[in-house]
Amino acid sequence: MNREMDCTEARERLSDYFDGEMPDDQQRAMADHLADCESCALELVSFADLSTITASLDHPLPPAGLWGEIAAQLQTEETLSPENLATAQPFRWTTGRYAPLVMALAASVVFAIGWFGYQSNLSMIGNLAIASVFDQYFDTLHQDPVAAQQILLTKYDGQTVDAENAVHLVGYRPAVADGVPAGYSLHTTNVIRMPRGDCVHSQFQRADGSTLAIFEHDGERPAWFGKRPATQAVHGDKNLHVVDVDQRVAATWRQGDRHLTVVGAHNAEELGQLAGWFGERTNLMPE
Amino acid sequence: MIAASAPMNTAETPDLPRRKPDLAASNRVQEDAFAPGIDPLAEIAAACRQGNMAARRQLYDACSQHVYRVAARVAGEQDAADVTQQVFLQAFRSLDKFDGRSRVETWLHRIAVNEALQHLRRNRRHKHSDLDWEPMDKVDSGRQAEQKDALEQALANIDPELKSIFLLREVEDYSYHDIAESLHIPEGTVGSRLNRARRDLQQQLQEMGFSRT
């Protein structure tokens with residue numbers, strides 16, 4: 001004899017039945033219930049409708065070059081892995097009449113490879129070092145902005161200036177010298193000698209006492225954010241590279257001839273307002 | 001009585017609407033050709049562990065469409081390539097830790113869902129109406145396209161975990177067992193979560209005028 005199923009149980013088990021994940025005896029009880037219950041049967045039909053629409057969804061395919069990027073990344077990682085360096089085969093020296101020529105050529109090649117490898121490693125190590133300093137800066141900014149500023153001033157040659165006088169050090173008038181958005185007060189401005197060029201670093205206080213930092217610099221500085229993934233967003237005519245920094249958000253965008261990097265924004269809305277405000281200021285400036 | 005829009009067969013073997021395997025799932029690795037319990041990708045995975053690039057390429061070719069689909073549906077198409085890249089890099093780096101208790105494909109999908117969900121969580125704070133995000137391409141027209149758009153919109157609004165379960169079932173044709181394994185949830189909760197996902201989606205479609213029930 002078949003067991004009976006009521007609406008409560010049928011509704012709880014509807015997906016199990018629809019997906020064919022129900023033991024036979026329960027399927028029979030469910031089928032009997034559905035034959036007598038219009039509302040449960042209609043819901044089953046709605047599941048089937050949903051399934052039909054889902055089946056019609058487009059299924060995007062991975063872009064053609066994606067494997068190439070993955071393979072390149074894997075090869076880079078493996079070339080630099082400590083295991084690989086440790087197991088590298090020693091050179092076997094050649095002998096015979098061409099030995100001096102071979103050795104001279106080999107020496108040139110080794111020197112060239114060594115030089116480029118050295119430069120590339122220097123650049124990688126440099127980026128890691130910068131990311132590490134900025135990690136400390138990001139970690140400290142919210143709790144103790146003065147200490148955060150000191151991290152940069154200690155690590156890199158820098159000095160505190162007023163926004164007007166920064167122009168003598170960096171050769172341009174910083175964006176913050178023309179005022180700040182409503183709701184922020186300028187706390188300090190420094191010029192910091194960074195490896196890839198000077199930047200103007202300013203800290204602002206919001207009405208609630210929290211801190212926002214803005215860097216103005218030539219070129220993008222992705223190394224500051226280490227391996228944090230960036231998302232691209234568009235505000236008006238500006239492309240923002242947005243990065244999560246702990247509980248806050250940071251973003252970089254091109255502003256005139258230079259780039260602005262905001263650190264410590266609450267959310268995308270604040271970033272949008274700042275990008276808009278600085279954009280309007282630039283548009284008002286005489287050429 | 002049952003409404004006319006829901007043809008029901010109340011004979012001894014009722015012909016009630018049941019889910020049919022999805023076409024997209026036909027691209028999955030053909031497990032049926034192998035004895036039960038034998039993972040067709042296990043050998044390829046073993047070669048990948050030795051750093052064999054050809055084997056890695058084989059694993060990518062076998063699974064990238066599914067991984068990309070999960071990434072696109074959960075994290076959004078604009079971020080799908082980044083998520084897919086991270087998934088495969090992470091998989092190749094951690095193949096040593098793969099214990100072989102699940103199928104390679106399930107293990108890879110677990111990484112894909114986790115990575116896509118993490119990506120979504122990381123980026124959720126960035127999303128605001130003031131910033132425009134790249135839209136997905138729209139190539140269809142008419143009622144079907146509107147219906148698909150409505151479903152895309154509804155999928156974007158439901159809880160990401162529910163969305164993942166729904167997509168693994170409906171698009172990837174995963175069994176409840178595989179869904180539970182992929183998402184590290186008890187198998188007994190898959191059905192009830194699918195109920196919630198389907199009801200949430202259906203309600204949204206209804207509100208957008210795309211439901212007959």
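Guide: Helices of at least four residues and strands of at least two are DSSP runs, numbered from the N terminus. The model discussed here is predicted.

Visitor: Which residues of chain A does UniProt list for "domain: Putative zinc-finger"?

Guide: The unreviewed UniProt entry gives residues 7-41 of chain A for that feature. Within this span, helix accounts for 80% and strand for 0%. The C-alpha atoms at the ends of residues 7-41 of chain A are 10 Å apart.

Visitor: How many helices and strands are there in chain A, and how many in chain B?

Guide: Chain A contains ten helices and eight strands. Chain B has eight helices and zero strands, and from its N terminus the order of elements reads α-α-α-α-α-α-α-α.

Visitor: What share of the residues in each chain is buried?

Guide: In chain A, 32% of the 287 residues are buried. In chain B, the buried share is 37% of the 213 residues.

Visitor: What part of the contacts with a separation of 6 or more joins residues 24 or more positions apart?

Guide: For chain A, such residues account for 49% of those contacts. For chain B, the corresponding figure is 65%.

Visitor: How is a pair of packed helices to be read?

Guide: Two packed helices are described by the angle between their axes and by the distance between those axes. In chain B, helix 2 (residues 53-75) and helix 6 (residues 160-170) pack at an angle of about 145°, and their axes are 10 Å apart. The crossing of helix 2 of chain B with helix 6 of chain B is right-handed.

Visitor: Which residues make the contact between helix 2 and helix 6 of chain B?

Guide: Helix 2 of chain B contributes Val70(B), Arg73(B) and Val74(B), while helix 6 of chain B contributes Pro160(B), Lys163(B), Ser164(B) and Leu167(B). By class, this contact has four nonpolar, one polar and two charged residues.

Visitor: Where is Asp173(B) found, and is Asp173(B) buried or exposed?

Guide: Asp173(B) lies in the loop between helix 6 and helix 7 (176-183) of chain B. Its phi is near 60°, a positive value in a residue other than glycine. Asp173(B) has 18 other C-beta atoms within 10 Å, so Asp173(B) is partly exposed; a buried residue would need 20 or more.

Visitor: What is the phi of His184(B), and why does His184(B) count as exposed?

Guide: The phi of His184(B) is near 55°, again a positive value in a residue other than glycine. His184(B) is placed in the loop between helix 7 and helix 8 (190-207) of chain B. His184(B) counts as exposed because it has 9 C-beta neighbours inside 10 Å, and the cut-off for exposed is 12 or fewer.

Key
Residues numbered from 1 in each chain as written. Chains lettered and ligands numbered in written order. Predicted model: local features only at pLDDT ≥ 70, side-chain atom pairs only at ≥ 80, totals over all residues. Axes fitted to C-alpha atoms, helices over the stretch in contact; angles between N-to-C directions. Left-handed = near helix turned anticlockwise from the far one by under 90°. Contact = placed C-beta atoms within 7 Å. Nonpolar A, V, L, I, M, F, W, Y, C, P; charged D, E, K, R; others polar. UniProt positions renumbered as here; feature names shortened; annotations may be inferred.
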